[in-house]
Amino acid sequence: MVFLYSSGLVVSICILLSVLVLFEYSFSQPNKLTSKETIATMAAPSKQLLYACNFEVFGRVQGVFFRKYTEKQAKTLGVHGWCKNTNQGTVKGQLEAPLSQINEMKHWLQNKGSPKSVIEKAEFSEAKEISAYTFDEFSIKR
């Protein structure tokens, strides 16, 4: 005898089995999240706070690909913002990211830079919390 099931019924059964397996797994694992917590965690990942700060780097930072390396490092870290050369021979810019990434970028700007740069000092404004990114990515302004 052959039984034909509608696709809706098959999907419903699959969903029900998945929920039951998840529920059973959560009780068989001590110190694990309950099925409600697991579903909530999967549905809503934690939102990191975003911050923005301005910077200016002094020293031999022009003519040594400092902006290009800054852009590359920012993109590697997931930092948004911009940088540009100034008429005073410095590089200025703005950083936007979660605080840990801003701090990594600040360290890089103060201590590393491009291979041929000579960083005398770097100044940063206080990091201020922002509600959303202002820039889509990190770019070089001309």
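**A hairpin, an annotated pair and a phenylalanine**

Gly-89 sits in the hairpin formed by S2 and S3, where five residues lie between the strands, and its phi is positive, near 85°. The model is a predicted one, and this hairpin is a handy place to start reading it. S2 and S3, the latter covering residues 91–97, run antiparallel and are joined by six bridges. One residue pair to look for here is Trp-82, whose bridge partner in S3 is Gln-94.

S2 also pairs with strand S6 (residues 138–140), this time in the parallel sense and over three bridges. On that side, Gly-81 has Phe-138 of S6 as its bridge partner. So S2, which spans residues 80–85, is antiparallel to S3 and parallel to S6, going by the bridges DSSP assigns.

Zooming out, the chain's secondary structure amounts to four helices and six strands. Along the sequence these follow the order α-α-β-α-β-β-α-β-β-β. Contacts reach a fair way along the chain: taking those between residues at least 6 apart in sequence, 75% link residues at least 24 apart. As for burial, 30% of the 142 residues count as buried. The chain exposes about 10,000 Å², with carbon and sulfur atoms supplying 56% of that area.

Next come the annotated positions. An unreviewed UniProt entry lists Arg-67 and Asn-85 under "active site". These two are spread over 19 residues of sequence yet cluster in space, the largest C-alpha distance being 7.8 Å. They come from separate elements: Arg-67 belongs to helix H3 (residues 66–77), while Asn-85 belongs to strand S2. Their side chains make a polar contact with each other at 3.4 Å.

The surroundings of the pair can be read from the contacts beyond four places in sequence. For Arg-67 these are Cys-83, Lys-84, Asn-85, Val-91, Ile-140, Lys-141 and Arg-142. Asn-85, for its part, is in contact with Val-61, Gln-62, Arg-67, Thr-90 and Val-91. Val-91 thus turns up among the contacts of Arg-67 and among those of Asn-85, given that contact means heavy atoms within 4.5 Å. Asn-85 has a relative accessible area of 28%, so it counts as partly exposed. Cys-83, which Arg-67 touches, has a relative accessible area of 0% and is therefore buried.

Phe-124 offers another spot to inspect. This residue lies in strand S4, which covers residues 118–124. Its relative accessible area is 23%, and because the partly exposed class starts at 20%, Phe-124 falls into that class. Setting aside residues up to four places away in sequence, Phe-124 touches Cys-53, Asn-54, Phe-55, Lys-106, Leu-109 and Gln-110. Gln-110 is 14 residues from Phe-124 along the chain, and the C-alpha atoms of the two are separated by 9.9 Å. Cys-53, another of the residues touched by Phe-124, counts as buried because its relative accessibility is 1%.

That leaves the cysteines. Cys-53 and Cys-83 are both buried, and the structure holds zero disulfides. In general, a disulfide is a covalent bond between the sulfur atoms of two cysteines.

Technical notes:
Residues numbered from 1 in each chain as written. Predicted model: local features only at pLDDT ≥ 70, side-chain atom pairs only at ≥ 80, totals over all residues. Heavy atoms only, no water. Helix = DSSP H or I, 4+ residues; strand = E, 2+ residues; numbered from the N terminus. Buried < 20%, exposed > 50% of the residue type's maximum accessible area, 1.4 Å probe, protein only. UniProt positions renumbered as here; feature names shortened; annotations may be inferred. Polar contact = N/O pair within 3.5 Å; in protein donor to acceptor, adjacent residues only side chain to side chain. Pairing = 2+ DSSP bridges. Areas by Shrake-Rupley, 256 points an atom, 1.4 Å probe, with all protein chains shown as cover. Disulfide = S-S within 2.5 Å.
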